[in-house]
Amino acid sequence: MSHSIIWSLVLAVHLLGMAAWVGGMIYAVFVLKPSLGLLDPTPRASVHLQTLNRFFRIVWHTMPMVLVTGWLMIFHEGGFAAIPWQINLMQLLGLMMALIFARIYFGPYKKVRRALRPQPAMFDSIRSQILINIGLGVLTIVAASLAHPF
């Protein structure tokens, strides 16, 4: 394989991971949550919890993959000092997203999983933090676009 093909694949993995992460959050908030209102409370909580469980497993794999591929590309370009400010901004936003995800996972999500009968307010706390991460994800994509040379 040529050197450029390898770096193109690293970029592809990076973009696919971000698409899964940000797209999954958008799906959870704007598609799943409103649709769950059609269910009675007990199955609603069960479906919501099972969906979050599956999505969070995906994020636990994609989040490190996105961060590592980003760092690989930064070091390939000469390190943090050699890259445009937009890429450094993307790095900062990605780390903030990872920290918020960890806060969701080890905070309200852990409480929901342990609850015998999770209440809607418990899920609302997760949703509000996911909304923040969606905003950061969109800003990350904008920062990436600003750094593109065309």
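A residue is taken as buried when its relative accessible area is under 20% and as exposed when that area is over 50%, with partly exposed residues in between. On this scale His 48, at 9% relative accessibility, counts as buried because its value falls under 20%. The structure described here is a predicted model, and His 48 is found in its helix 2. With neighbours within four places in sequence left aside, the contacts of His 48 are Leu 32, Lys 33, Leu 36 and Phe 123. A second histidine, His 14, lies in helix 1 and likewise counts as buried, its relative accessibility being 10%. When neighbours within four places in sequence are again set aside, His 14 is in contact with Val 66, Thr 69, Gly 70 and Met 73.

As to the overall architecture, the chain contains 4 helices and 0 strands, and its elements follow the pattern α-α-α-α when read along the sequence. The C-alpha trace spans about 55 × 30 × 25 Å along its principal axes. Of the 150 residues in the chain, 37% are buried, while the area that the chain exposes comes to about 9000 Å², of which carbon and sulfur atoms supply 70%. Among the contacts between residues at least 6 apart in sequence, 76% join residues that are at least 24 apart.

The interior was examined next. The largest nonpolar core has 28 residues, and those with the most contacts inside it are Trp 21, Met 25, Phe 56, Tyr 109, Ile 126 and Ile 130. At least two residues of this core are supplied by each of helix 1 (3-36), helix 2, helix 3 and helix 4. The surroundings of Ile 130 can be given in detail: not counting residues up to four places away in sequence, Ile 130 touches Met 25, Val 29, Leu 52, Phe 56 and Ile 104. Two of these partners, Met 25 and Phe 56, are themselves listed with Ile 130 among the residues with the most contacts inside the core. A second core, separate from the one just described, has 5 residues, including Ile 74, Ile 83, Ile 87 and Ala 143.

Aromatic side chains were then considered. A search of the whole structure finds 11 aromatic pairs. In one of them, the rings of Phe 56 and Tyr 105 have centres 6.1 Å apart and planes at 65 degrees, so the pair is classed as edge-to-face, the angle being over the 60 degrees that this class requires. Because Phe 56 lies in helix 2 (residues 41-76) and Tyr 105 in helix 3, the pair ties together parts that are 49 residues apart in sequence. Both Phe 56 and Tyr 105 are buried. A further edge-to-face pair is made by Phe 75 and Phe 80, whose ring centres lie 5.5 Å apart and whose planes stand at 85 degrees. In contrast to the buried Phe 56 and Tyr 105, Phe 75 counts as exposed, with 54% relative accessibility, and Phe 80 is partly exposed, with a relative accessible area of 33%. Phe 56 and Tyr 105 also belong to one aromatic cluster, which is formed by these two residues together with Phe 55, Trp 60, Phe 101, Phe 106 and Tyr 109. Phe 56 and Tyr 109, both part of this cluster, also appear among the residues with the most contacts inside the largest nonpolar core.

Nonpolar side chains are found on the surface as well. Trp 85, Leu 89, Leu 92, Met 96, Val 138, Val 142 and Leu 146 form a nonpolar patch there, with about 640 Å² of accessible area together. Two or more residues of the patch come from each of helix 3 (85-114) and helix 4 (120-146), and helix 3 gives the most, with 4 residues. Leu 89, which lies in helix 3, is partly exposed at a relative accessible area of 31%; this value is sufficient for patch membership because the cut-off is set at over 30%. Val 138, which lies in helix 4, also counts as partly exposed, in this case at 41% relative accessibility. As for the position of Val 138 relative to helix 2, to which residues 41-76 belong, Val 138 and Gln 50 are 26 Å apart in space, C-alpha to C-alpha, and 88 residues apart in sequence.

Conventions
Residues numbered from 1 in each chain as written. Predicted model: local features only at pLDDT ≥ 70, side-chain atom pairs only at ≥ 80, totals over all residues. Heavy atoms only, no water. Patch = residues over 30% accessible without salt bridge, like charges linked within 9 Å, V, L, I, M, F, W, Y side chains within 5 Å. Areas by Shrake-Rupley, 256 points an atom, 1.4 Å probe, with all protein chains shown as cover. Salt bridge = Lys/Arg side-chain N within 4 Å of Asp/Glu carboxyl O. Buried < 20%, exposed > 50% of the residue type's maximum accessible area, 1.4 Å probe, protein only. Phe/Tyr/Trp six-rings, centres within 6.5 Å; stacked < 30°, edge-to-face > 60°. Core = buried A, V, L, I, M, F, W, Y, C linked by side-chain atoms within 4.5 Å. Contact = heavy atoms within 4.5 Å.
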